[in-house]
Amino acid sequence: MCGRYAASRRPEELVGIFGVQQWEPTETLAPSWNVAPTAPVHAVLERPLKGAAADGLPPGGTARQLRTLKWGLVPSWSKSPEAAAKMINARAETVHEKPSFRQAFATRRCLLPGDGYFEWVTDAAERQLEEQGKKKRSRKQPYFVTPADGTVMAMAGLYEFWRDRTLPGDHPLAWWVTCTVVTTEAETTPLAGAGGGPGPQSLAEIHPRMPLVLTPDRWDAWLDPARTDPDEVRELLTPPPAGLMRAHPVPTGVSNVRNNGPELVAELDGPEVGTLF
């Protein structure tokens, strides 16, 4: 799954990386090393522009935009936004058929840029104590999974519009724009730099699921709103080539959503919580 990630890139950098044609500086987000569900996040998407912003575009044309969305998808038909925190992920295997996601999958896809994502691993000894009833809650060691070459991680995402009918149409909070991260089965192939030593050797050893990361050659097709055939879009859901990601243990401070700073992604010499592997 993806329940927390880091996104420290400046909007100006994202504009260049993704070929963004339009963005509002007023929507700029501060760098975050501990993005949690329901937080505002940057997303790259393609949609028609309105008003003066559409000048110069062909009729019906779209523009690549950098927008600020809320992480946790609220379906357009939902009566309330209360389920948003539960819809931070959409499974690639079923996203085309689930009522909450299928329309967005067909027409409202986005990319969610990040530096990497966090997953928590339970120490074997801690898990055994919990199973024996000697400990109520086992401690977990966080790992940071990030592109091995230091490039931006572009997670496949979906976005949706939701209208709050309790507010007038001209109210600034009348419309919510929310998103979710598409996930897939974690890779069982070796991580970059894994050589059989201590630590996880594959993403599957950390967690059975991972965000679907799209390589640059798939960005255009994924963002194209004219590509609406579900079977055609599903062809884009295959995981990236093996060996593009690396993982390292990070301070347990990231487990507290109130903590936020570059020290949260700093690589440790070894786990803080037990000996995991």
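A residue is called buried when its relative accessible area is under 20%. The legends below describe a predicted model.

**View 1. Overall chain of the predicted model.** The chain has 277 residues, and 48% of them count as buried. Its secondary structure consists of five helices and 13 strands. Among contacts with a separation of 6 or more, 72% join residues 24 or more positions apart. The accessible surface is about 13600 Å², with carbon and sulfur atoms contributing 52% of that area.

**View 2. Glu46 in strand β4.** Glu46 has 14% relative accessibility, which is under the 20% limit, so this residue counts as buried. The Glu46 side chain makes a polar contact of 2.7 Å with the side chain of Arg64. Arg64 is also one of the residues that Glu46 touches when neighbours up to four places away in sequence are left out. The others in that set are Thr62, Ala63, Tyr159, Leu223, Asp224 and Pro225.

**View 3. Gly61 in the loop between β4 and β5.** Gly61 counts as buried because its relative accessibility is 16%. Leaving out residues up to four places away in sequence, Gly61 touches Pro48 and Leu49. Glu46 lies 15 residues from Gly61 along the chain, and the C-alpha atoms of the two are separated by 9.7 Å.

**View 4. The largest nonpolar core, with 30 residues.** Tyr5, Trp71, Leu112 and Tyr117 touch the most other members of this core. Strands that each give two or more residues to the core include β4 (40–47) and β5 (63–71). Also in that group are β7 (109–114), β8 (116–122), β9 (140–147) and β10 (153–163). The list is completed by β11 (175–185) and β13 (245–249). In soluble globular proteins, nonpolar side chains tend to be buried together.

**View 5. Surroundings of Tyr5.** With residues up to four places away in sequence not counted, Tyr5 touches Trp33, Asn34, Val35 and Val41, among others. Further contacts of Tyr5 include Trp71, Leu112, Pro113 and Gly114. Gly116, Tyr117, Phe118 and Met155 are also touched by Tyr5. Three of these partners, Trp71, Leu112 and Tyr117, are named together with Tyr5 as the residues touching the most other members of the largest nonpolar core.

**View 6. A second nonpolar core, separate from the largest one.** This core has 29 residues. Val95, Phe101, Phe105 and Leu236 are among them.

Notes: Residues are numbered from 1 along each chain as its sequence is written. This is a predicted model: local features need pLDDT of at least 70, side-chain atom pairs count only at pLDDT 80 or more; totals for chains, interfaces and linings use all residues. Side-chain values use heavy atoms; hydrogens and water are left out. A nonpolar core is a set of buried Ala, Val, Leu, Ile, Met, Phe, Trp, Tyr and Cys residues joined through side-chain atoms within 4.5 Å. Buried means under 20% relative accessible area, exposed over 50%, partly exposed in between (1.4 Å probe, protein chains only). Helices (H or I, at least four residues) and strands (E, at least two) are DSSP runs, numbered from the N terminus. Contact means heavy atoms within 4.5 Å. Accessible areas come from the Shrake-Rupley method with a 1.4 Å probe; for residues, only the protein chains shown count as cover. A polar contact is a pair of N or O atoms within 3.5 Å; within protein, one must be able to donate a hydrogen and the other to accept it, and residues adjacent in sequence count only if both atoms are side-chain atoms.
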